Structures are given as C-alpha cells and as structure tokens.
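Dear colleague,

I am passing the structure below on to you, together with some notes on what turned up when I went through it. Please read the notes with the coordinates open beside them.

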Amino acid sequence: FIMTELQRLYTQMLNNLEKGLNDLEKFEDGNASAGTRVRKNMQDIKNLAQLVRVEVQDKKNALAAF
C-alpha cells in the first residue's frame, strides 16, 4: 500500500495528536514544561493542517481546470 502525500500528511497529524496526549496529561498534572511540548506539538499539527489544506486546494483546482 503506497501512501499519497496527502495521506502521509494526514497520518502524521493523527500521530502527533496521539503522541501529544501523554504530555497533555502531564501538563494537567502540573508539569509546566509538558505544556511547552503540547504547544509545540499543536503548532506542528497546525502547520501540517495547512499543508493538507493547500494540497487539497491544489488538487481541486487541477480537477476544475479540465
């Protein structure tokens, strides 16, 4: 099974969300440095989401051009 770039980006976002749960729990238990890691992870997810949005829009535009 070969993943497309869009699938790879989406899967990476899901993986980041899952891996961030541990740090989120630590932050909620009072670990401030875990909060920094949560914020960084969320920024990474935001950037991946933007890449997904651009990729989808590009594909949509390419289909509309035909």
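What follows covers the core, the surface patch and the salt bridges, in that order.

Please keep in mind throughout that this is a predicted model, and that the values below are computed from it.

I begin with the interior. The largest nonpolar core consists of five residues, namely L9, M13, I45, L48 and V52. Two elements, helix 1 and helix 2 (32–64), each give two or more residues to this core, and helix 2 makes the largest contribution, with three residues. If you would like a single residue from which to look around, V52 may serve, since leaving aside residues up to four places away in sequence, V52 touches L6, L9 and Y10.

Y10 leads on to the surface. This residue is placed in helix 1 and counts as partly exposed, because its relative accessibility is 47%. Together with L14, L17 and M42, Y10 makes a nonpolar surface patch of about 390 Å²; the largest share of that patch, three residues, comes from helix 1, which spans residues 5–28.

Turning to charged side chains, a search of the whole structure finds four salt bridges, and I describe some of them here. The one that joins the two helices is perhaps a useful place to start: D23 and R37 meet through their side chains, with an N to O distance of 3.0 Å. Because D23 lies in helix 1 and R37 in helix 2, this pair ties together parts that are 14 residues apart in sequence. As for their surroundings, D23 is buried, with a relative accessible area of 15%, whereas R37, at 36% relative accessibility, counts as partly exposed.

Other salt bridges lie within a helix. R8 pairs with E5, the closest N and O atoms being 2.9 Å apart, and because these two residues are three apart in helix 1, about one helical turn separates them. R8 is partly exposed at 40% relative accessibility, and E5 is partly exposed at 39%.

In helix 2, the side chains of E55 and K59 meet in a salt bridge with an N to O distance of 4.0 Å, the two residues lying four apart, about one turn of the helix. E55 is partly exposed, with a relative accessible area of 25%, and K59 is also in the partly exposed class, at 43% relative accessibility.

With best wishes

Technical notes
Residues are numbered from 1 along each chain as its sequence is written. This is a predicted model: local features need pLDDT of at least 70, side-chain atom pairs count only at pLDDT 80 or more; totals for chains, interfaces and linings use all residues. Side-chain values use heavy atoms; hydrogens and water are left out. Patches are made of residues with over 30% relative accessible area and no salt bridge: like charges are joined within 9 Å, nonpolar side chains (Val, Leu, Ile, Met, Phe, Trp, Tyr) within 5 Å. Accessible areas come from the Shrake-Rupley method with a 1.4 Å probe; for residues, only the protein chains shown count as cover. Buried means under 20% relative accessible area, exposed over 50%, partly exposed in between (1.4 Å probe, protein chains only). A nonpolar core is a set of buried Ala, Val, Leu, Ile, Met, Phe, Trp, Tyr and Cys residues joined through side-chain atoms within 4.5 Å. Contact means heavy atoms within 4.5 Å.
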